[in-house]
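Here is a short briefing on what surrounds the bound molecules. Look at the structure, then read the points below.

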Amino acid sequence: MWLSLTSHAPHPGPLIPPPLPPLLYVCVLLSHHDGLFVCGTNAFNPLCANYTRDSLEMAGESVSGMARCPYDPRHANVAVFAEGSLFTGTVTDFLAIDAVIYRSLGDSPALRTVKHDSKWFREPFFVSAVEWGPHIYFFFREMAMEFHHLEKVMVSRVARVCKTDLGGSQRVLEKQWTSYLKARLNCSVPGDSHFYFNLLHATSGVLHLQGRAVVLGLFSTPPNSIPGSAVCVFDMQQLAHVFEGRFKEQKSPESIWTPVPDELVPRPRPGGCAVEGSRFSSSNSLPDEVLNFVKTHPLMDETVPLLGHRPWVVRTMGRYQLTTMVVDTEAGPQRNRTVLFLGSTRGTVLKFLMVPSGEPVAHSSVFLEEVEGFNPEKCGEDTPQARQLLSLLLDRSSHTLLLAFPSCLVRVPTSRCHLHARCMK
Ligand SMILES: *[C@@H]1O[C@H](CO)[C@@H](O)[C@H](O)[C@H]1NC(C)=O
Ligand SMILES: *[C@@H]1O[C@H](CO)[C@@H](O)[C@H](O)[C@H]1NC(C)=O
Ligand SMILES: *[C@@H]1O[C@H](CO)[C@@H](O)[C@H](O)[C@H]1NC(C)=O
């Protein structure tokens, strides 16, 4: 079984005992009111089907997994159910060239992102998808298009689509999103030369910390740079606000990217959700000018600011990078502390306690301990590949973490207080 999925599933529950026979690598595993929705790569012919929750039997027919699941389990994909539809971020083809954010199933028409348009996507790697307000937000990393550099630079993004989008007119964006917009995530350390953590690896869901809806993101530097990882926190309200700001454009292939002056943006504002009862109550009745604008201007000018102006956790110069994360907002005896568990490329888990510090939005972190996760008795030979942590899951009921390695599953306790007399305080 392949395991990048479980952290996105709203209620993953206990791990499904293998095997789910026809699906091979499982790439989508979502829990909904009628049971489980599962997609698998099925030997390069992706398929999806519903399964009953308790007996894990297939319920009804299977459907094609195309645009819901990649052909190859190494390609990233994310999925979320909302308003009766399945929203996925994945690649549709064998060579992973056609990246897509796709809506399917349910009563709304199927919609996708524009095909082979590097303004919409450039080699994206999807990390997570969350529902918030009228939108679905997708977190991913991709090659930047907005810098004037010869070398390729990877950046992290958040994109969103309206859940009520019905697609464009017959002339522009037919069967495609009219509300797809994206912005860069700014995870950086302030200083004379701003230092950026550009590669997003994991996010939390939407959490409520001190009255704010926030998303935590785990980032790293690129492989050829100073090794470093950081956790940055984004306020969903501030994040949504960036999508109300200016659009970015490149006037000609030679020119640099600049913000679009307000007076050149058509009305109604491109990329918004159609409002029932208004003049344009459905996205397919929008003027062509508006649809053409959003088709050619998916990128916002401003970056999403990080809460508190600095990362909440920074680790640099380690021998490894941190690539997986789970957040426990109900830690401690009073269940009112927030603890981050960050999984490393060496198969260990680092624990940090978040400490609110003075200002309403600033936090600092206290490093608690590093726990060995890899267990040669269960996982076989101890090699760097075998130690690549694929997925990390918190099982609150048993106070344990589940660690998925390429060849084994390991369970470790979330706290080992008996080893540390001081931590009881
Ligand atoms: C699975 O169940 C969900 C929710 O009832 C439904 O929307 C979807 O169409 C079903 N999928 C298949 C493949 O039957
Ligand atoms: C990122 O945020 C910092 C302030 O926290 C700001 O100084 C910097 O200009 C921002 N970078 C980008 C690319 O927006
Ligand atoms: C957690 O709750 C306890 C008891 O109600 C309180 O004393 C403590 O300050 C709280 N801690 C935090 C971090 O809110």
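Ligand 2 is surrounded by Arg184, Asn186, Ser188, His194, Tyr196, Thr303, Leu306 and His309. This is a predicted model. Ligand 1 has His32, Asp34, Phe37, Asn50, Glu61 and Val63 around it.

**Ligand 2: the shell by class**
- The shell around ligand 2 holds 2 nonpolar, 5 polar and 1 charged residues.
- Arg184 counts as charged, because Asp, Glu, Lys and Arg form that class.
- Tyr196 and Leu306 are among the residues around ligand 2.
- Tyr and Leu both count as nonpolar.

**Ligand 2: polar atoms and cover**
- Which distance separates an oxygen atom of ligand 2 from an N or O atom in the side chain of Asn186? The distance is 2.3 Å.
- The side chain of Thr303 has an N or O atom 2.8 Å from an oxygen atom of ligand 2.
- Tyr196 pairs with a nitrogen atom of the ligand: an N or O atom of the Tyr196 side chain is 2.7 Å from that atom of ligand 2.
- On its own, ligand 2 has 360 Å² of accessible area, and the protein covers 58% of it.

**Ligand 1: the shell by class**
- The shell around ligand 1 has 2 nonpolar, 2 polar and 2 charged residues.
- Asp34 and Glu61 are among the residues around ligand 1.
- Asp and Glu both count as charged.

**Ligand 1: polar atoms and cover**
- Asn50 places a polar side-chain atom 2.5 Å from an oxygen atom of ligand 1.
- How much of ligand 1 does the protein bury? Taken alone, ligand 1 exposes 360 Å², and the protein buries 72% of that.

Definitions and conventions: Residues numbered from 1 in each chain as written. Chains lettered and ligands numbered in written order. Predicted model: local features only at pLDDT ≥ 70, side-chain atom pairs only at ≥ 80, totals over all residues. Heavy atoms only, no water. Near = heavy atom within 4 Å. Polar contact = N/O pair within 3.5 Å; in protein donor to acceptor, adjacent residues only side chain to side chain. Areas by Shrake-Rupley, 256 points an atom, 1.4 Å probe, with all protein chains shown as cover.
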